[in-house]
Structure formats: structure tokens, C-alpha cells
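Visitor: I'd like a close look at one part of this protein, with the surroundings filled in as you go. Could you walk me through it?

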Amino acid sequence: MVEERKIARTKARLKTPWQRKKGHEVQSVLFACTYNSIRSPMAEALMRHYHPEKKRIVSCGVTGTAYTDPFAMAAMGEMGIDITHHEVQTFDDIEGVFDIIIALSPEAMHHAVNLTERFQCDVLFWRLLDPSYIEGDRAEKLRAYIDVRDDISKYILKEFPLFDE
């Protein structure tokens, strides 16, 4: 009985959408947004948190900023995830190929599609609010960042489900 459950879990693990589509398990993911200061660093950190077994998880932006957004750091810190040492990168800084590119802004989607001319990979677009446009006091702004963080978590767990060991 225990062996049957173990086999069933193994079969379920092999049937995530990306394994069926590509015939192998996704091991490298590139998250991309506009500036690599809010959404993509959050997505990178969340993916590492949920799936530390993935070989290569990277984030970048269409253009870079000089820093990671402090509200993004605070929102992630509330989950116990530290992104204070995140180094901002652009598409130009990224080397190698990826199994999948997940664009988190329309600008990043355009660049991601252009990358498929260099190498074959899947490209997804996850529509997310840019929380930096939210006005209000600190608490209202932080709430917007937390909402985006939670939306990213939902997307990740939908596309890359967790399985019991």
C-alpha cells in the first residue's frame, strides 16, 4: 500500500504541465519585468523558496534600476524571505538558455519573445499590477506590494505545484 502511494506520487510529479509539454522537467526559469526591482525579484525569490531543487532561477528587467524597491523587500520580509542582496540585471546581462521565460510586464513579454529567436523555450505572460503606481500612505502601498507578492505565489504554485515527499 505504501509503495503504491509512492508510485502514484511519482507519477503525479511527472505530470506537471511543463513536463508533459516538453517531455522533461523544467530546471531553468527566467522571470522578467520592466525594471527588475519589484515583481521579478519577488518571483525569483518565491520560486527559490517553493522549489529550491530547480537548478537555475534568475530574474531580469528590460531596463535596470540602481536598487531593489524597499517595499518589495518589506513585502518579502514579511514571509521571512530576504531579497536585500538582489542584484538588478537586464536582459543584456543574462547569459545562457532557459526552459521557460515568465514575463511579468508587457515590455518584458516583448523582449522574451525576441529571445526565442536565439533559443527555443516556452514563454508565459503573467498579468500583474505594478505596485509602484499605487498612491497612499505607507500601509496602503505595502498592502499593494503584498497583494502582488501573493498573486505571484498563486501563479507559481499553479504552474509548478508542490508535491508531498
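Is Arg143 buried, partly exposed or exposed, and what is its relative accessible area?

Guide: Keep in mind that this is a predicted model. Arg143 is partly exposed, because its relative accessible area comes to 42%, and the range between 20% and 50% is what partly exposed stands for. Its salt-bridge partner is Asp147, with 3.0 Å between the closest N and O atoms. Asp147 is partly exposed too, at a relative accessible area of 35%. Both residues sit in helix H6, four residues apart, or about one turn of the helix. That spacing has a simple logic: an α-helix has 3.6 residues a turn, so residues three or four places apart point the same way.

Now for the other salt bridges. Searching the whole structure turns up four of them, including the Arg143–Asp147 pair. Another joins Glu44 to Arg48, again with the closest N and O atoms 3.0 Å apart. These two lie in helix H3, four residues apart, about one turn of the helix. Here the two ends sit in unlike settings: Glu44 counts as buried at 14% relative accessibility, whereas Arg48 is partly exposed with a relative accessible area of 43%.

Glu44 has plenty of company as well. Leaving aside residues up to four places away in sequence, Glu44 touches Phe31, Ile57, Val58, Ser59 and His86.

A third salt bridge runs between Arg39 and Asp130, where the closest N and O atoms are 3.8 Å apart. This pair ties together distant parts of the chain: Arg39 belongs to helix H3 (residues 39–50), Asp130 to the loop between S4 and H6, and 91 residues separate them. Both partners are buried here, Arg39 at 6% relative accessibility and Asp130 with a relative accessible area of 13%. Each counts as buried because the cut-off is under 20% relative accessible area.

Since H3 keeps coming up, let's look at that helix as a whole. H3 is mostly covered, with ten of its twelve residues buried. Among them are Arg39, Glu44, Met42, Leu46, Met47 and Tyr50. What do they pack against? The buried residues of H3 pack against S1, S2, helix H4 (70–77) and H6. The length of H3 works out too: at 1.5 Å a residue its twelve residues should span 16 Å, and the end C-alpha atoms are 16 Å apart, so the two agree.

S1 and S2 bring us to the sheet. It is an open sheet of four strands in the order S2-S1-S3-S4, paired in parallel. Strand S2 (56–61) and strand S4 (122–125) are the edge strands, each pairing on one side only. On average, neighbouring strands of this sheet are turned by 20° against each other, direction ignored.

Let's zoom in on the S4 edge. Strand S3 (residues 100–103) pairs with S4 in the parallel sense over four bridges. Ile102 has Leu124 in S4 as its bridge partner, and Ile100 has Asp122 in S4. Helix H5 (residues 106–115) packs on the sheet, where it touches strand S1 (28–33), S3 and S4, and its direction makes about 170° with that of S4. Put S3, H5 and S4 together and you have a right-handed β-α-β unit. S4 itself has two faces: Asp122 and Leu124 are on the covered one, Val123 and Phe125 on the uncovered one. So the two bridge partners just named, Leu124 and Asp122, are both on the covered face, because that is where S4 places them.

One last stop takes us past the end of the helix we began with. Pro161 is found in the segment after helix H6 (138–159). Pro161 is partly exposed, at a relative accessible area of 25%. Its C-alpha lies 9.2 Å from that of His51, although the two are 110 residues apart in sequence.

Definitions and conventions: Residues are numbered from 1 along each chain as its sequence is written. This is a predicted model: local features need pLDDT of at least 70, side-chain atom pairs count only at pLDDT 80 or more; totals for chains, interfaces and linings use all residues. Side-chain values use heavy atoms; hydrogens and water are left out. Two strands pair if DSSP finds at least two bridges between them. Axes are lines fitted to C-alpha atoms, for helices over the stretch in contact, and angles run from 0 to 180 degrees between N-to-C directions. Contact means heavy atoms within 4.5 Å. Buried means under 20% relative accessible area, exposed over 50%, partly exposed in between (1.4 Å probe, protein chains only). A crossover is right-handed if, with the strands pointing away from the viewer, the path from the first strand over the helix to the second runs clockwise. A salt bridge is a side-chain nitrogen of Lys or Arg within 4 Å of a carboxyl oxygen of Asp or Glu. The expected span of a helix is 1.5 Å times one less than its number of residues.
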